[in-house]
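The following paragraphs guide the reader through one molecular structure. Please keep the sequence and the model in view while reading.

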Amino acid sequence: MSAPLQLLRNYISGEFVASEQTFPNVSPIDGRTLSQVCEADEALVARAVAAAKAAQHGPWGDYSASQRAAVLQRIADAIERRFEDFVAAEVADTGRPVQQARTLDIARGIHNFRTFAELINQAGSECFEMRAADGNDVFSYSVRKPHGVVAIISPWNLPMLLMTWKVAPALACGNSVVIKPSEDSPSTATLLAEVMHEVGLPAGVFNLVHGFGPGSAGEFLTRHPDVDAITFTGESRTGETIMKVAAEGIRDVSFELGGKNAAVVFADCDFDAAVAGVLRSSFTNSGQVCLCSERVYVERPIYERFVAAMKAGAEALKIGYPDEDGVNMGSLISHKHRDKVLGYFELARSEGATLVTGGGVPHFGDERDNGAYVQPTIWTDLGDDARCVREEVFGPVCHIAPFDRDEEVVQRVNDSAYGLATALWTRDLKRAHRLSRRFEVGMVWVNTWFLRDLRTPFGGTRLSGLGREGGRHSLDFYSQITTICVNP
Ligand code: NAD
């Protein structure tokens with residue numbers, strides 16, 4: 001007889017709460033059901049919001065910034081103590097390599113709490129001095145206060161990393177939160193609730209509701225009138241829906257949305273570093289990072305050589321079980337998402353792409369054939385108007401095209417509905433400086449990719465987002481700022 005499946009519950013007002021309605025959490029590695037997840041209905045979501053609101057008037061409301069910083073450090077310590085549990089949960093939900101979960105997902109989750117603990121401890125405020133008409137020297141200074149209840153809606157692609165990127169600064173600024181993780185990655189959020197319980201965070205400060213988006217926990221949460229601010233990471237179309245909902249009551253929003261990012265490779269680059277960098281930026285996490293490069297532009301003199309090197313590199317990637325030695329790539333998140341990616345593979349064929357490598361599903365001959373794997377895929381020869389060059393695929397795929405002139409490549413990179421990130425590969429730093437500011441994106445990397453100093457602003461333009469988070473930008477978003485003008 002097999003053991004009963006684990007039940008992942010909601011966490012509301014300091015208690016784990018089951019619900020009648022459940023849905024399965026399915027492994028993308030082999031299609032097995034990993035756990036049952038309790039879906040929060042409208043009444044449970046309302047209870048979570050009420051608990052969060054009440055917590056603002058409890059002991060949490062009196063915590064000083066340094067006390068909150070100490071709590072964040074204790075949360076980071078507690079995640080560290082359960083590091084391997086978090087790694088196992090993230091890997092099981094998403095099929096990613098264990099090594100990635102250790103060095104990126106969970107490590108960065110801890111780092112998020114430590115970084116915002118330090119930032120809130122050091123955060124000052126503005127003060128201006130002015131001589132008024134009556135001759136008095138007037139001081140105007142500002143203070144930060146929490147919004148109150150912040151709703152955090154997060155996606156499945158980097159579940160722990162992206163959830164804590166928002167939970168940490170929201171708590172640092174004194175808010176209480178209700179989080180709604182993706183239905184496809186509910187496990188690390190549940191472990192995080194256990195950690196919050198263990199460190200003794202006052203009841204109601206951190207609440208977790210599970211469920212889907214429309215007609216489920218996501219919509220119930222964002223529609224709730226007692227939610228004061230909404231921070232969301234996910235698809236641009238979902239962002240549009242949430243923005244309309246947030247208009248009711250003029251709630252603050254911060255959006256980190258989709259991308260169709262470019263990598264630009266100049267003929268003077270360090271060739272091997274550029275190939276390694278673009279392989280990473282195209283195929284990390286099976287291409288399921290909002291920052292991945294799906295459009296690669298290569299200066300014509302090295303174009304053929306670069307495409308050949310990318311083909312060799314992609315074909316050398318090891319796809320496999322998360323804990324296999326040397327594994328580089330895992331599965332996609334779900335069968336549903338695989339269908340979407342395979343739909344783009346088909347579309348590329350009908351749009352006339354040349355398939356350099358990949359374009360299908362790997363065959364394993366074991367239970368992974370029930371999983372959600374696809375091959376790393378490279379296309380060439382599509383026009384700039386092809387849907388595969390304009391739409392976000394969010395899989396291990398890139399299109400490589402040649403370019404001849406700086407001006408031309410700037411124009412082609414900017415000709416996109418998205419504006420998240422661009423990566424440049426060149427030895428000419430003068431050119432890199434000159435061009436970097438011309439890309440209409442939130443983030444430009446030069447000779448690197450996905451390297452983040454958490455004190456810097458992060459966000460996108462156009463369909464890629466609204467607002468900036470990171471460093472003081474997060475502190476600003478997660479606070480209400482009041483100016484106090486004193487005429488002595
Ligand atoms: P998604 O928009 O489908 O879902 C994200 C979250 O929103 C989930 O928790 C989902 O349940 C919830 N949701 C869906 N509809 C909702 C609604 N109507 N109301 C409230 N909540 C709703 O996105 P996804 O597929 O989980 O994530 C992938 C997308 O996220 C990609 O487009 C990717 O580029 C983007 N992303 C952006 C960034 C960034 O920093 N810019 C980072 C990671 C991922």
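Does Asp339 count as buried or exposed? The model under discussion is predicted, and in it Asp339 has a relative accessibility of 53%. Because residues over 50% are classed as exposed, Asp339 counts as exposed. Asp339 belongs to helix 11, which covers residues 335-351. Between Asp339 and Ala151 lie 30 Å in space, taken from C-alpha to C-alpha, and the two are 188 residues apart in sequence.

The interior may be considered next. The largest nonpolar core has 96 residues, and those touching the most other members are Ile79, Phe113, Leu171, Phe206, Val265, Leu291 and Phe306. Residues of this core come from both domain 1 (6-257 + 464-486) and domain 2 (261-455), and the core therefore lies between the two domains. A second core, separate and made up of 25 residues, has among its members Phe220, Ile230, Phe232 and Phe255. As for Phe113, when residues up to four places away in sequence are left uncounted, its contacts include Leu72, Ile75, Ala76 and Ile79, as well as Thr164, Val167 and Met196.

There remains a sheet to describe. It is open and consists of three strands in the order 6-7-23, with antiparallel pairing. Strand 6 (127-131) and strand 23 (479-486) each have a single partner strand and stand at the edges, so one side of each has no neighbour in the sheet. From one strand to the next, the twist averages 20°. Five bridges join strand 6 to strand 7 (residues 137-146) in the antiparallel sense. Opposite Phe128 stands Ser140, a residue of strand 7.

Conventions:
Residues are numbered from 1 along each chain as its sequence is written. This is a predicted model: local features need pLDDT of at least 70, side-chain atom pairs count only at pLDDT 80 or more; totals for chains, interfaces and linings use all residues. Side-chain values use heavy atoms; hydrogens and water are left out. Two strands pair if DSSP finds at least two bridges between them. Helices (H or I, at least four residues) and strands (E, at least two) are DSSP runs, numbered from the N terminus. Axes are lines fitted to C-alpha atoms, for helices over the stretch in contact, and angles run from 0 to 180 degrees between N-to-C directions. A nonpolar core is a set of buried Ala, Val, Leu, Ile, Met, Phe, Trp, Tyr and Cys residues joined through side-chain atoms within 4.5 Å. Buried means under 20% relative accessible area, exposed over 50%, partly exposed in between (1.4 Å probe, protein chains only). Domain bounds come from an automatic or database domain assignment. Contact means heavy atoms within 4.5 Å.
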